[in-house]
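Biologist: Please take a close look at one part of this model, the aromatic cluster, and describe how its rings are arranged. Add what is needed to judge the surroundings and the confidence.

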Amino acid sequence: MQERFVYDRSLRELFGKIPKTLIKLLVDKDIKEILDSSFPNVGESRVDLLTRLEDDTLFHLEIQSVYDQNMPVRMLKYFTLIYERYKEFPKQLVLYVGDKKLDIASEIKHKNLQYNYEVKDIREFDCSLLLESEDISDNIIALLCNIKDIDKFFKILNRKLEKYSPKKREDYLRKVFYLLRLRPKLNQEYEKRQKEIKMPFVINLESDPVFKKGEEKARAEAEKEKRAIAVSLLEVLDDETIAKKLGLDLKEVENLRKKSELTK
């Protein structure tokens with residue numbers, strides 16, 4: 001869970017730099033304008049990327065690294081939020097960047113609703129165009145395609161990073177190492193050959209502040225999820241059994257039951 005937080009943060013930051021070549025690969029159009037992607041009045045909702053393309057159409061992109069059964073509902077919510085603000089229907093795409101087989105629904109079929117959007121796997125694209133791009137964000141994102149020559153990737157990346165300050169170079173390389181974990185086989189290859197692939201520094205994830213923040217957030221979310229499950233079990237199990245199964249303090253489960261009874 002904590003690693004997923006780090007992946008998401010790294011990807012959002014990379015897409016915040018607007019990888020123009022990647023967008024061109026996805027929709028075969030150039031970006032004309034970057035639009036506000038936050039909707040603060042609706043539960044702090046924020047889409048990953050919202051742009052106006054060269055043909056004046058709206059394009060909404062979401063990046064997904066794991067399976068999410070609620071993806072269609074999320075996309076529909078974003079669709080309506082975007083329409084309400086811009087009075088235009090956006091073209092929507094979910095770009096899958098995970099390592100497992102693509103398994104993300106692209107539609108909602110209901111007797112009262114028909115809704116769909118595109119889903120694509122980043123591994124389907126020719127990453128050589130991303131590596132050739134002058135945009136460092138494109139270069140790093142190329143790592144998520146089917147990179148077969150890790151030596152070439154790091155040689156190109158190191159050459160591109162030479163123009164940046166040491167601090168900026170370290171920040172970009174940190175994102176590279178985070179994203180490598182989305183590609184376990186490639187990561188294993190790098191770990192075997194990291195002495196040959198000379199890099200400016202090595203990251204100790206356990207001491208990295210971003211990773212620590214992700215770990216703390218993951219722990220808090222796990223505890224919140226445990227309590228939600230506990231509440232759902234109150235009507236079918238006794239407090240002691242719930243506490244034992246979920247690893248919660250018995251007193252905490254008893255308090256959850258009291259709160260639940262008060263709200264009935």
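Modeller: What follows covers confidence, then the aromatic rings, then one helix for context.

The model is predicted. The protein has an average pLDDT of 80, and 80% of its residues score at least 70. Confidence is lowest in helix α1 (residues 2-16), with a mean of 56, and highest in strand β9 (residues 118-121), at 96. Where pLDDT is low, the predicted coordinates should not be read in detail.

A search of the whole structure finds 6 aromatic pairs. In one of them, the ring centres of phenylalanine 79 and tyrosine 115 are 5.7 Å apart with the planes at 65°, so this pair is edge-to-face; the cut-off for that class is over 60 degrees. The pair links distant parts of the chain, since phenylalanine 79 belongs to helix α3 (residues 71-86) and tyrosine 115 to strand β8 (residues 113-116), 36 residues apart. Phenylalanine 79 and tyrosine 115 are both buried.

Tyrosine 83 and phenylalanine 89 form another aromatic pair, and this one is stacked: the centres are 4.6 Å apart and the planes make an angle of 15°. Tyrosine 83 is partly exposed, at a relative accessible area of 31%, whereas phenylalanine 89 is exposed, at 58%. The cut-off that matters here is 50%, over which a residue counts as exposed.

Phenylalanine 89 sits in the loop between α3 and β6 (91-96). Leaving aside residues up to four places away in sequence, phenylalanine 89 touches Phe79 and Tyr83. The C-alpha atoms of phenylalanine 89 and histidine 60 are separated by 10.0 Å, with the two positions 29 residues apart along the chain counted as their distance in sequence. Taken together, ring pairs link Phe79, Tyr83, Phe89, Tyr115 and Tyr117 into a cluster.

For context elsewhere in the chain, consider helix α6 (residues 150-161). Its 12 residues should span 16 Å at 1.5 Å a residue, and the end C-alpha atoms are 16 Å apart, which agrees. The buried residues of α6 are Ile150, Phe153, Phe154, Ile156, Leu157, Lys160 and Leu161. Viewed down the axis of α6, the buried residues fall within an arc of 165°, so they line one face of the helix. Lys155 and Arg159 are exposed on the other side of α6. The buried residues of α6 pack against α4 (128-132), α5 (136-141), α7 (166-180) and α8 (184-193).

Terms used
Residues numbered from 1 in each chain as written. Predicted model: local features only at pLDDT ≥ 70, side-chain atom pairs only at ≥ 80, totals over all residues. Heavy atoms only, no water. Phe/Tyr/Trp six-rings, centres within 6.5 Å; stacked < 30°, edge-to-face > 60°. Helix = DSSP H or I, 4+ residues; strand = E, 2+ residues; numbered from the N terminus. Buried < 20%, exposed > 50% of the residue type's maximum accessible area, 1.4 Å probe, protein only. pLDDT = per-residue confidence, 0-100. Expected span 1.5 Å × (residues − 1). Arc of directions from axis to C-beta. Contact = heavy atoms within 4.5 Å.
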